[in-house]
Each structure stands twice: as C-alpha cells, then as structure tokens.
Amino acid sequence: MGPLNDATFRRIRSLMHESVGLSFPDTKKPLIQSRLTPRLLQLDIQRFEDYVELISGPNDAGEFQMAVDLLTTNETYFFREPAHFELMCKELARTRASAVSIWSAASSFGDEAYSLAMLLADMAAQGSIGEDWQILGTDISDRVLRSAAAGIYPEERLHEVTMDRRRRYCLRGEGPSKGLIQMHEKLRAKVRFGWLNLCRPIEDIGPFDVIFLRNVLIYFDAPTKRTVIDRVLTQLKPGGLLFTGMAEGRLLCDTAMEQLATGAFRKLGSCAVAA
C-alpha cells in the first residue's frame with residue numbers, strides 16, 4: 001500500500017480537529033500512518049486517500065469512531081495520580097456533604113470512575129458523606145464506553161487497589177475468565193456512562209461538586225484547551241473542585257479558579273463544595 005502523503009495527512013488532521021478537537025502537529029504524521037496502517041490492511045484499502053473518503057462520509061460514523069480510537073491513547077489504571085483522590089476525599093469530608101455528584105469527563109475505560117466510586121462508597125459507609133452520591137463518566141469513544149459499562153478489567157490494572165477494596169467491590173473471574181475482575185453490581189449501579197464530545201456545546205448535565213478532566217487536554221491546541229476547560233467549568237458548582245492531569249501544565253481558562261495543588265483547582269464563588 002502507498003504511504004501517507006502530506007495532503008492526505010492534512011485532511012486527516014483537519015477532520016480530527018474539526019470533529020473532535022484532536023490536534024496533530026506535522027511531527028505526528030509518522031504516528032498517524034503507523035496507527036492507521038493495520039486498519040487499512042484489515043479493510044483491504046490500499047490508499048490512505050480512500051480511507052479518508054470513508055471516514056469523512058456521512059454514512060460511516062462507526063469507522064470514523066474506529067479511527068478516533070486508533071489515534072488516541074486510552075492508557076489508564078485504577079487510582080492513577082493518587083494525590084488527587086486524597087485531596088478530593090479531604091475536601092469532601094470537610095464539608096460532610098449529604099449529596100455528592102462527580103463527573104469523570106474523559107473516563108476512557110472507566111478505571112477513574114470506578115476508583116471514585118470505591119472512595120465515595122467508603123466515605124458514605126464511614127459517615128463522611130451522605131448515601132446520595134453518583135458518578136457520571138463520559139468519553140468520545142463508543143468502544144471504551146461499552147467496556148466501561150461492563151466494568152470488567154485485567155487484574156493487573158487494579159495493582160493500586162487494596163486487597164480489602166477488591167474483596168468488597170470486585171468479583172474475581174474463574175475458569176475462562178481467570179485473570180479478569182468485574183466491578184460489583186452495587187458499585188456499577190452508582191456509575192453511569194454516556195457519550196460526550198468536549199469540543200461541542202454541553203447540555204446541562206450538572207452541576208457537579210467535582211470534575212475530573214485528566215489526561216485529555218494533551219490532545220488539544222491552546223485555543224481549544226481554553227474553550228474546552230471553560231465549557232466544562234460551566235458544569236461545576238461554585239466552590240467545586242477541578243482536577244486535570246498532573247503533567248498537563250497550567251490551567252488555561254477565563255473562569256476564576258484557585259490552584260490547590262498540581263492539577264487541582266477550586267472554582268471561585270460563594271458556595272462551598274457540595275454544601
């Protein structure tokens with residue numbers, strides 16, 4: 001099959017940016033070629049130009065979604081960047097909220113959302129927060145959302161989950177499912193997942209006490225980052241907490257925010273978190 005030429009690379013880059021906000025500089029051309037080539041071979045498509053026609057057409061949203069999946073990284077695991085979880089628990093316990101609503105805004109396979117669910121379930125059992133808590137996980141990938149809703153993971157993804165929490169919140173697979181872990185039904189009942197494009201207007205899905213927007217901003221250029229962050233923050237309560245990836249740099253937004261720690265911010269306003 002032929003290589004990815006510059007003109008076709010620019011078409012792919014433009015399509016991804018206009019549709020889902022992904023930003024690919026010229027240096028990413030080899031990456032795009034290497035990630036899409038196996039898919040073209042699978043479909044017996046010999047030219048990248050023909051694949052672009054396929055994913056940009058109005059009748060094959062499924063293949064466009066496949067391309068998005070191939071060009072983004074869904075690497076994640078439970079309790080990633082634990083300092084954020086510790087800070088969140090401290091803030092929520094301080095307010096002793098009767099109800100807590102959290103949005104995992106780039107939830108990928110759901111590791112983050114279920115990590116949050118374990119923490120909130122523990123806090124509710126201890127009386128640190130009320131029993132009325134819920135978590136929403138959203139992502140742009142249908143594939144990862146289906147996996148997240150099922151709540152089944154390779155056991156190695158839970159290496160940061162304590163054995164006590166595994167006993168209380170996880171079901172260990174046996175036989176053909178050996179090596180797999182499924183989140184307990186009582187935990188999955190408190191977490192819902194839905195499709196959402198952060199680069200499009202967001203319906204009124206909040207307000208939330210806490211929003212996790214981690215390890216997704218790296219895909220956006222600076223203007224898109226600012227737009228996305230301010231859009232997401234419209235769904236955060238005054239006094240609510242926002243968490244971004246610890247390696248994603250400073251917060252670019254027009255909303256008034258107070259930095260609490262690396263990648264941790266409070267929305268300035270008159271209300272406390274989940275009062």
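## A walk from the central strands outwards

Start at Ile 102: its bridge partner in strand 7 is Val 210. This is a predicted model, so keep that in mind as we go. The bridge between these two residues belongs to a longer stretch of pairing, since strand 1 and strand 7 (residues 208-213) run parallel and are joined by three bridges.

Now look at the other partner of strand 1. Strand 1 also pairs with strand 2 (residues 132-139), again in the parallel sense, this time over six bridges. One place to see this is Ala 99, whose bridge partner in strand 2 is Asp 132. To get from strand 1 to strand 2, the chain passes through helix 6 (residues 111-126), and this β-α-β crossover is right-handed. Is strand 1 (residues 99-104) mostly covered or mostly open? Mostly covered: five of its six residues are buried.

Step back and you'll see the whole sheet. Seven strands make it up, in the order 6-2-1-7-8-10-9, and the sheet is open with mixed pairing. At the edges sit strand 6 (191-195) and strand 9 (257-261), each of which pairs on one side only. On average, neighbouring strands here are turned by 20° against each other, ignoring direction. As a quick reminder, strands of a sheet pair through backbone hydrogen bonds, and they can do so parallel or antiparallel.

Carry on along the order from strand 7 and you reach strand 8 (residues 236-244), which runs parallel to strand 7 and is joined to it by five bridges. If you want a residue to click on, try Phe 208, which stands opposite Leu 236 of strand 8.

Next, the helices that pack on this sheet. Helix 5 (residues 82-95) touches strand 1, strand 7, strand 8, strand 9 and strand 10 (264-267), and its direction makes about 160° with that of strand 8. Helix 6, the one from the crossover, packs on the sheet too, touching strand 1, strand 2, strand 6 and strand 7. The direction of helix 6 makes about 175° with that of strand 2.

What about the cysteines? A search of the whole structure turns up zero disulfides. Take Cys 89: the closest cysteine sulfur is in Cys 170, and at 17 Å that is too far for a bond, because a disulfide needs the two sulfurs within 2.5 Å. Cys 89 is also buried, as its relative accessible area is 17%. Cys 199 tells a similar story, with the closest cysteine sulfur, that of Cys 253, 16 Å away and so too far for a bond. Its relative accessibility is 13%, so Cys 199 counts as buried.

Over to Ile 152, which lies in strand 3 (residues 152-154). Buried, exposed or partly exposed? With 38% relative accessibility, Ile 152 counts as partly exposed. Beyond its neighbours within four places in sequence, Ile 152 is in contact with Ser 147, Leu 180, Ile 181 and Gln 182. Met 183 is 31 residues away from Ile 152 in sequence, yet the two C-alpha atoms are 6.5 Å apart.

Finish with the first two helices. Helix 1 (residues 6-20) packs against helix 2 (residues 29-42) at an angle of about 85°, and their axes are 11 Å apart. That angle makes the two helices roughly perpendicular. From helix 1, the contact uses Asp 6, Phe 9 and Ile 12, while helix 2 brings in Lys 29, Ile 32 and Leu 36.

Note on methods. Residues are numbered from 1 along each chain as its sequence is written. This is a predicted model: local features need pLDDT of at least 70, side-chain atom pairs count only at pLDDT 80 or more; totals for chains, interfaces and linings use all residues. Side-chain values use heavy atoms; hydrogens and water are left out. Helices (H or I, at least four residues) and strands (E, at least two) are DSSP runs, numbered from the N terminus. Buried means under 20% relative accessible area, exposed over 50%, partly exposed in between (1.4 Å probe, protein chains only). Contact means heavy atoms within 4.5 Å. Two strands pair if DSSP finds at least two bridges between them. A crossover is right-handed if, with the strands pointing away from the viewer, the path from the first strand over the helix to the second runs clockwise. Axes are lines fitted to C-alpha atoms, for helices over the stretch in contact, and angles run from 0 to 180 degrees between N-to-C directions. Angles under 35 degrees count as roughly parallel, over 145 as roughly antiparallel, 65 to 115 as roughly perpendicular and the rest as oblique.
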